[in-house]
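Thanks for coming. I will take this one piece by piece, with the structure on the screen.

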Amino acid sequence: MSQDIATIRVTRYRPEKDSKPYFQEYKVPYRHDMVVLDALNYIKAEMDGSLTYRWSCRMGVCGSCGANIDGEPKLTCASFLHDFKGRTITVEPMANFPVVKDLVVDMEDFMEKLVKIKPWIIREKETLPEQGEYKQSAQELERYSQFSSCINCMLCYAACPIYGLNEKFLGPAATALAYRYIEDSRDQGKDVRFPIVHEMEGVWECTLVGECSVVCPKGVDPMLAIQKTKILGATNAIKSILMPRGGR
Amino acid sequence: MGDNKRYPELKRRLSPGWWTASRHYAMYMIREWTSLFVALYSLVFIYGLSLWAMGSRADFLNFLKNPAIIGFSLVALVFTMYHAVTWFYLLGAISPIKIGRSKTKPWQALVLNLVLLVIVSYLAIWLLILR
């Protein structure tokens, strides 16, 4: 089988040596079934062991290997080299995040946001497992199931200019996850979660660029989750004005 | 022994021209800018109405017939239509209506809202001018 050669331009940034990032070009032989991550692994194994990047599962499940490929946030494990045939492929660290080294970004901010929205089922009163499970119908599951497919790859944050301009913005994935629990019929934590998502830097910061939903590799629609959360918040506010004591 | 020193991270900021980086971002930015024309046209229209309120309907109509105002109105119409079309589409994407087991598509909301827009616009024109 004949082998093609891919030209890959990778961002290098070694904070102990470099004051500024720069591009380094590699020529990688590839087969039809190879992805950008395979090329990075080839570079690291055969050409330059100092190249640093994150990866784990190689199959679009772990969400570790995100990068900006030709300017677009993508999973490197899901981007085939043959799709870029005849062009130089530019691989940069995911946009909007601080860079630790080469393609590795600092995920701390996202991790804090993820915990902040309390991504677990909150009950007013927990019951013991012996007392039975919290039941849910297929229709109830359908209300949130797409939002539970998030793999925390952070591509949506790399695609979001609002986050790029204001890092305090809660952002797409964290809100999608918050909405996943808000819409879960077993959850009773609305009163706890609502103030978090409706902060100044919460959902109201979003101006519907919509790119988060375009780049999501798992078909999650964070833009939808954010707007639905806005609608819920607005209707709740109106309800509390019209029916200060009731309405629950 | 390893080097435990933490090196400074590379902070990155979006340049003012970030929206030129992709077609999608540019379309978004144009959508946002069109609201400027919506606002400007509202001001012009409110001024026209004030002429009517303080004078007569003829004052209002003469103001609207001014070539500069007609020119501006045409430009504003184009931008307002772009604004309306993009937002009607988004409305359909955000709030699909469930009919039986299926959900409405964004383009259906777009068409329905455009039809409503034409009807409401005609009513407004009839009420203000044709009547």
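Start with Asp70 of chain A, which counts as partly exposed because 15 other C-beta atoms lie within 10 Å, and a residue needs 20 or more to be called buried. This is a predicted model, so please keep that in mind for everything I say. Asp70(A) sits in the loop between β3 and β4 of chain A. Its phi is positive, about 50 degrees, although the residue is not a glycine. The two strands on either side, β3(A) and β4(A), make a hairpin with two residues between them.

There is a second residue of this kind in chain A. Lys118(A) is not a glycine either, and its phi is positive, near 55 degrees. Where is Lys118(A) found? It is in the loop between α2 (108-116) and α3 (138-142) of chain A. Lys118(A) has 16 C-beta neighbours inside 10 Å, so it also counts as partly exposed.

Back to the hairpin. β3(A) and β4(A) run antiparallel and are joined by four bridges. Across that pairing, Gly66(A) stands opposite Leu75(A) of β4(A). β3(A) also pairs with β5(A), again in the antiparallel sense, over two bridges. There, Ile69(A) has Val91(A) of β5(A) as its bridge partner.

Is β3(A) buried or exposed on its two faces? Both faces are covered. In general, side chains in a regular strand alternate between the two faces of the sheet. In β3(A), Gly66(A) and Asn68(A) are on one side, Ala67(A) and Ile69(A) are on the other, and all four are buried.

Now the sheet that contains this hairpin. It is an open sheet of five strands in chain A, in the order β2-β1-β5-β3-β4, with mixed pairing. β2 (22-30) and β4 (72-75) of chain A are the edge strands; each has a single partner, so one side of each has no neighbour in the sheet. From one strand to the next, the twist averages 35 degrees. For a parallel pair, look at β1 (residues 4-12) and β5 (residues 88-92) of chain A, joined by four bridges. Thr7(A) stands opposite Thr88(A) of β5(A).

Helix α1 (residues 36-47) of chain A lies across β1, β2, β3 (66-69) and β5 of that chain. Relative to β2(A), the helix runs at about 100 degrees.

Some totals for chain A. The chain has nine helices and seven strands. Its C-alpha atoms fill a box of roughly 70 × 40 × 30 Å along the principal axes. Of its 248 residues, 38% are buried. Among its contacts with a separation of 6 or more, 67% are between residues 24 or more positions apart.

Next, where chain A meets chain B. How many residues does each chain put into the contact? Chain A gives 19 residues and chain B gives 15 residues. On the chain A side, the elements giving two or more residues are β6 (99-101), α5 (161-165), α8 (211-215) and α9 (222-242). Of these, α5(A) gives the most, with three residues. By type, the chain A side divides into twelve nonpolar, four polar and three charged residues.

That leaves the helices of chain B. Helix α1 (residues 23-54) and helix α3 (residues 67-94) of chain B pack at about 135 degrees, with their axes 8 Å apart. That angle makes α1(B) oblique to α3(B). Their crossing is left-handed. Among the residues making the contact are Phe37(B), Val38(B) and Tyr41(B) of α1(B), and Phe72(B), Phe79(B) and His83(B) of α3(B). This contact divides into ten nonpolar residues, six polar and one charged.

The other helix pair is α3(B) with helix α4 (residues 106-130) of chain B, whose axes come within 7 Å and cross at roughly 130 degrees. That makes α3(B) oblique to α4(B). Here the crossing is right-handed. From α3(B) the residues include Phe88(B), Tyr89(B) and Leu91(B), and those they meet in α4(B) include Trp107(B), Leu110(B) and Leu114(B). By type, there are twelve nonpolar, three polar and no charged residues in the contact of α3(B) with α4(B).

That is all I have.

Key
Residues numbered from 1 in each chain as written. Chains lettered and ligands numbered in written order. Predicted model: local features only at pLDDT ≥ 70, side-chain atom pairs only at ≥ 80, totals over all residues. Axes fitted to C-alpha atoms, helices over the stretch in contact; angles between N-to-C directions. Parallel < 35°, antiparallel > 145°, perpendicular 65-115°, else oblique. Left-handed = near helix turned anticlockwise from the far one by under 90°. Contact = placed C-beta atoms within 7 Å. Nonpolar A, V, L, I, M, F, W, Y, C, P; charged D, E, K, R; others polar. Pairing = 2+ DSSP bridges. Buried ≥ 20, exposed ≤ 12 C-beta atoms within 10 Å, placed from the backbone.
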